[in-house]
Each structure stands twice: as C-alpha cells, then as structure tokens.
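Biologist: I'd like to learn how to read a structure feature by feature. Please take me through one, starting with a single residue.

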Amino acid sequence: AEYMGRGVQLGSPHLNTMESILLDDRIRDYVLIPIFVVVILVSLLRMNLMSFLKADPKVNMQEMKTNQHVARAKFLKANGGFLPERAFRARKAFYNKKDSGFFWNPPEQGDPLQAMANADPTASLGMMKSQMVPMVLNIGVGYFVSHLFSGFLVAKTPFPLTFKFKSMLQRGIDLPSLDVTYVSSLSWYMLVLFGVNGLLSIIYDLSGSAIDEELMAMDMNMQMNPAMMMAPGMAGGQMGGMPGMPGQDVKKTYQTEREALEIVSHEYALTNAEHGLLQKWKKQQKAQ
C-alpha cells in the first residue's frame, strides 16, 4: 500500500484520471491496522470460547467395535496376500466361520424411534452453543467494521488485476472508474478474516500452546461457508448425524462384509520374493 501525505477523497474529480491515489497515512493508523488487530483478537477470543464450550463426545463402544472390525476385514481383503496362508485362513475363520464367526453374530439393535426419544438433549445444546459463538462474533465484528470504517480505501495491491476482482476487493465502494488494485476497508476485513487461521497457528506455535486442530478446521469451515454454522453435525468438513438419529444397519453391514470376505482367495505375495530381488539386483548391475 502507498501512504504519502494527505489522501484524495472519494468524491474528488481526480479519480477520473489514471494517476495513482496517495492514501492518507492516518488511514493506515486508524483503519487498516485497527481492523487487522480487531480480527486477530476476536479470532483468539472465538477459539478460546469454542474450546471452553466444546463438550466431550460420548463414545458408543459397541459402534466403535463394529467400525474397527469392519475396517480390519477390509484391510484383510486388500492386504491378505502378505500373510502366510495359515494366518490368512485363521483370520478369515474368525470373521466367517458359520454360526460362531464374528460376522455371523451381529449385536442386537434397539428401536430407532425409542433411541431418538431417549436421546440426550444436552448434546444438541452443546453443539448449538459452539456454533452460535463464531456466528455472533462474526456478525458483531462485521457490523462494527461496516459501521465505523465504511467508504475507506486502505491498501493497493502491488500487481495488476483484472476487472473481475473489483467486486471482491472494493466492497462498499461504488466507483466504476476506480482502479481495481485498490482495496476497500470491508474487503480488507474479509481478506484478514479468511486468512487469520494460518496466523493463529503461528501464534500458538510461538507461544508453545497446543492448538485444537478440530476446532481450527471447524472455525475455518464456518468462515468459508456461513451455512455451515447452522448445519448441525458438520465439523472439519466431515458429515455426522444428529445425536439420537438411527445409525447404520449393523446386520446388513456384517452380511455384506462376510460375503465379500468369503469370495477372497489367498495368493501369497511373497512367494519367491528372494529370487525376484536377486534378479532385480542383477539387472541393476548390468545397467551400470
């Protein structure tokens, strides 16, 4: 940005020329820097409040056990060739042995409607509180910036830009003849808001404090997509069901995994591996 002496006002006829506008140095001191400092402080406050209001998730041990065994079965299908045949058959029998195998005995599932009726309402309340905090703070800071700092040009990019960037960099200023490279105060606020998470990571690293990656990802998603703030069960770009909603059909999942594992044939991938390695070394020596 260029800051030299007294600036040209937005209503001045000098804007019709292509000459550079010299921005007042007081705009830097009383608009540019305050917006930057306010966004940083509010972001730190938002992260601390979200960490304070974050509720510890309740872990369903039966659901975790089911997911882990399904993942192990998929891993066995994909990489079973690296196991000896005896070890592969033992693991396959653990899951697929009729009547006694793991996938032949799915756990009993309760009535989904009853589970919804008995759901803990405090889980939804905690999720709503953690989502309302950034929304209220962003609305408040946005109103603060648009009310006190509207109509200012605060910076100028050091490189040329096309006309498509005008609506992004000059929010709140309607001057068709103004050069695209000038940045308005409201656009400066949006740019700082979207890039503040990287700066917060540096601040936490320098201070030696641990940072919650989940909260950081959730905060970033809420800034990039305001609709995320009102979508329960979404954090860090991951989908999740509302507390009390019926989950997956365990019986159907077990049956699918059992049938998929049953048709897998074992072929040991390390048969004659030493001979293949020797042949590879010989080819490399001949190439040298």
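Modeller: Let's begin with arginine 26, which counts as partly exposed because its relative accessibility is 42%. Keep in mind that this is a predicted model.

Biologist: Is aspartate 24 buried or exposed?

Modeller: The cut-off helps here: buried means under 20% relative accessible area. Aspartate 24 has 8%, so aspartate 24 is buried. Now put the two residues together: the side chains of aspartate 24 and arginine 26 meet in a salt bridge, at 3.2 Å from N to O.

Biologist: How many salt bridges does the structure hold?

Modeller: There are five in the structure. To spot one, look for a side-chain nitrogen of Lys or Arg within 4 Å of a carboxyl oxygen of Asp or Glu. Try it on arginine 89 and glutamate 85: their closest N and O atoms are 3.0 Å apart, and the two form a salt bridge.

Biologist: Where do arginine 89 and glutamate 85 lie?

Modeller: Both are in helix H3, residues 85-96. They sit four residues apart, about one turn of the helix. Arginine 89 is exposed, with a relative accessible area of 52%, while glutamate 85 is partly exposed at 42%. Elsewhere, salt bridges that share partners join Lys74, Lys77 and Glu257 into one network.

Biologist: How do lysine 74 and glutamate 257 meet?

Modeller: Their side chains meet in a salt bridge, at 2.8 Å from N to O. Lysine 74 is in helix H2 and glutamate 257 is in helix H9, so this pair ties together parts that are 183 residues apart in sequence.

Biologist: And which of the words buried, exposed or partly exposed fits each of them?

Modeller: Lysine 74 is partly exposed, at 42% relative accessibility. Glutamate 257 is buried, with a relative accessible area of 6%.

Biologist: That pair brings us to helices side by side. How do I describe two packed helices?

Modeller: Two packed helices are described by the angle between their axes and the distance between the axes. Now the case here: helix H2 (residues 61-79) and helix H9 (residues 250-262) pack at an angle of about 15°, and their axes are 10 Å apart.

Biologist: Are H2 and H9 roughly parallel or roughly antiparallel?

Modeller: Angles under 35 degrees count as roughly parallel, and H2 and H9 are therefore roughly parallel to each other. H2 passes H9 in a left-handed crossing. On the H2 side, the contact is made by Thr66, Val70, Ala73, Lys74, Leu76 and Lys77. On the H9 side, you'll find Val250, Thr253, Tyr254, Glu257, Ala260 and Leu261.

Biologist: What kinds of residues are in the contact of H2 with H9?

Modeller: Sort them and you get seven nonpolar, two polar and three charged.

Biologist: At what angle do H3 and H9 pack?

Modeller: It's about 150°, with the axes 10 Å apart. Angles over 145 degrees count as roughly antiparallel, so H3 and H9 are roughly antiparallel to each other. H3 passes H9 in a left-handed crossing. Look for Lys92, Tyr95 and Asn96 in H3 meeting Arg258, Leu261 and Glu262 in H9. The residues of that contact divide into two nonpolar, one polar and three charged.

Biologist: What about the loops? Which phi does aspartate 99 have?

Modeller: Aspartate 99 has a positive phi of about 75°, although it is not a glycine. You'll find aspartate 99 in the loop between H3 and helix H4 (112-117). Aspartate 99 counts as exposed because its relative accessibility is 57%. Asparagine 272 isn't a glycine either, and has a positive phi of about 55°. Asparagine 272 lies in the loop between H9 and helix H10 (273-287).

Biologist: Let's zoom out. How many helices and strands does the chain have?

Modeller: The chain has 10 helices and two strands. Read from the N terminus, the elements go α-α-α-α-α-β-α-β-α-α-α-α.

Biologist: How much of the chain do buried residues make up?

Modeller: Buried residues make up 28% of the 288 residues. There's one more number for the whole chain: take contacts between residues at least 6 apart in sequence, and 67% of them join residues at least 24 apart. You've already met a pair with partners well separated along the chain: lysine 74 and glutamate 257, 183 residues apart in sequence.

Terms used: Residues numbered from 1 in each chain as written. Predicted model: local features only at pLDDT ≥ 70, side-chain atom pairs only at ≥ 80, totals over all residues. Heavy atoms only, no water. Axes fitted to C-alpha atoms, helices over the stretch in contact; angles between N-to-C directions. Parallel < 35°, antiparallel > 145°, perpendicular 65-115°, else oblique. Left-handed = near helix turned anticlockwise from the far one by under 90°. Contact = heavy atoms within 4.5 Å. Nonpolar A, V, L, I, M, F, W, Y, C, P; charged D, E, K, R; others polar. Buried < 20%, exposed > 50% of the residue type's maximum accessible area, 1.4 Å probe, protein only.
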